[in-house]
Amino acid sequence: MSFEIIDFHTHPFLDVRTNICAHKDFCRMSADNTREIFASLNVTKICGSVNSLSKKTAWADIQKNNDEALKLREQYGDFYIPGFHINPNYVDESIAEIKRMAKLGIKLVGELVPYLDGWEDYSSEEFSRLLGEAAKHNMVVSLHSWDKYDNSMDNMLQNHRDIIVVGAHPGEYLDFMRHIERMKRFENYYLDISGLGPHRYGMLRRAIDEVGADRILFGSDFPTCSPATFIGSVLLDPLLTDSEKEQIFSQNAKRLLRI
């Protein structure tokens, strides 16, 4: 059985400044051939924000990356679903950005990576205001997860059950189990499989048995990580049924993003 694949977690790039691949000098990567790289792996759509490794502490830098995401959408068409950045250090600017993106039909916020953007607390009043605005537009919010963010993520979800939040990166055992605990507590919390975790045998089977295949999204974190690795972790896993693979690869993303 062949599967449609939507990569929910990517960071596409226009130029070297926002190509965050650690080995880019050896990969012959460009904005022009990104689509071909994914097409060779049967990936039909990618989602996510333009990012950079330099810390973006000024709003102008954050908005520049958002504008580049819009340019990539023009270049890639339906292949790319942009994600955009907001920042609780810039509440008014971020609310205006949410409204701008909503008018353009963009439904995905993030992946937000606080340590790159000069903030840390997912449970702050400022971030709460941004989530409230995003919820008005039925947006989905993708968040970088890390054990130092765990408590603030729990507190944030406690106060915002009206918006879909996708945590990125299962992590190793303790981090993964914290995700599972969080998913049981909050029905609006989902997990994408990018980063550490899927290489641990049985991780996906446990996640499905504990919280359901409908709460797990395929993601690769390209160009930091190789999409092939994550495709194999789902496609070749003998513990998963074809129906479960299909949900993870594309059906869940289609449902959340209404595509």
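**From helix α8 to the sheet and a buried proline**

In this predicted model, helix α8 is followed by Gly212, a residue whose phi is positive, near 105 degrees. The helix that ends there, made of residues 203-211, is a useful place to begin, and the first thing to ask is which of its residues are buried. They are Met203, Leu204, Arg205, Ala207, Ile208 and Val211, and what these buried residues pack against is α7, β8, α9 (227-235) and α10 (242-257).

Of these neighbours, α7 can be followed in detail. Two packed helices are described by the angle between their axes and the distance between the axes. For helix α7 (residues 173-185) and helix α8, the angle is about 20 degrees and the axes lie 10 Å apart. Angles under 35 degrees count as roughly parallel, and α7 and α8 are therefore roughly parallel to each other. The crossing in which α7 passes α8 is right-handed. On the α7 side, the residues that take part are Tyr173, Phe176, Met177, Ile180, Met183 and Lys184, and they meet Met203, Arg206, Ala207, Glu210 and Val211 of α8. Sorted by kind, the residues of this contact comprise eight nonpolar and three charged ones, with no polar residue.

Helix α7 also has a contact with helix α6, which covers residues 150-159. Here the axes come within 11 Å and cross at roughly 10 degrees, which means that α6 is roughly parallel to α7. From α6, the contact draws on Asp150, Asn151, Met153, Asp154, Leu157 and Gln158, while α7 contributes Arg178, Arg182 and Arg185. Which kinds of residue make up the contact of α6 with α7? Five are charged, two are polar and two are nonpolar.

From the helices we can turn to the strands. Eight of them form an open sheet, in the order β1-β2-β3-β4-β5-β6-β7-β8, and the pairing is parallel. At the edges of the sheet stand β1 (5-7) and β8 (216-217), each of which pairs on one side only. The β8 strand has already appeared above, as one of the elements against which the buried residues of α8 pack.

Within the sheet, β5 (residues 140-144) deserves a careful look. Five of its five residues are buried, so the strand is largely enclosed by the rest of the structure. Both of its faces are covered, with Val140, Ser142 and His144 buried on one side and Val141 and Leu143 buried on the other. Strand β4 (residues 108-112) runs parallel to β5 and is joined to it by three bridges; Val109 stands opposite Val141 in β5, and Leu112 stands opposite Leu143. Strand β6 (residues 164-168) also runs parallel to β5, and five bridges link the two. Ser142 has Val166 as its bridge partner in β6.

A last stop is Pro88, which lies in the loop between β3 (80-84) and α3 (91-103). Is this loop residue buried or exposed? Residues under 20% relative accessible area are taken as buried, and Pro88, at 8% relative accessibility, therefore counts as buried. Leaving aside residues up to four places away in sequence, Pro88 touches Trp119, Ser124, Glu126, Phe127 and Leu130. One of these, Ser124, is 36 residues away from Pro88 along the chain, and the C-alpha atoms of the two are separated by 8.1 Å.

Key: Residues are numbered from 1 along each chain as its sequence is written. This is a predicted model: local features need pLDDT of at least 70, side-chain atom pairs count only at pLDDT 80 or more; totals for chains, interfaces and linings use all residues. Side-chain values use heavy atoms; hydrogens and water are left out. Axes are lines fitted to C-alpha atoms, for helices over the stretch in contact, and angles run from 0 to 180 degrees between N-to-C directions. Helices (H or I, at least four residues) and strands (E, at least two) are DSSP runs, numbered from the N terminus. Angles under 35 degrees count as roughly parallel, over 145 as roughly antiparallel, 65 to 115 as roughly perpendicular and the rest as oblique. A crossing is left-handed if the near helix is turned anticlockwise from the far one by less than a right angle, and right-handed if clockwise. Contact means heavy atoms within 4.5 Å. Ala, Val, Leu, Ile, Met, Phe, Trp, Tyr, Cys and Pro count as nonpolar, Asp, Glu, Lys and Arg as charged, and the others, Gly among them, as polar. Buried means under 20% relative accessible area, exposed over 50%, partly exposed in between (1.4 Å probe, protein chains only). Two strands pair if DSSP finds at least two bridges between them.
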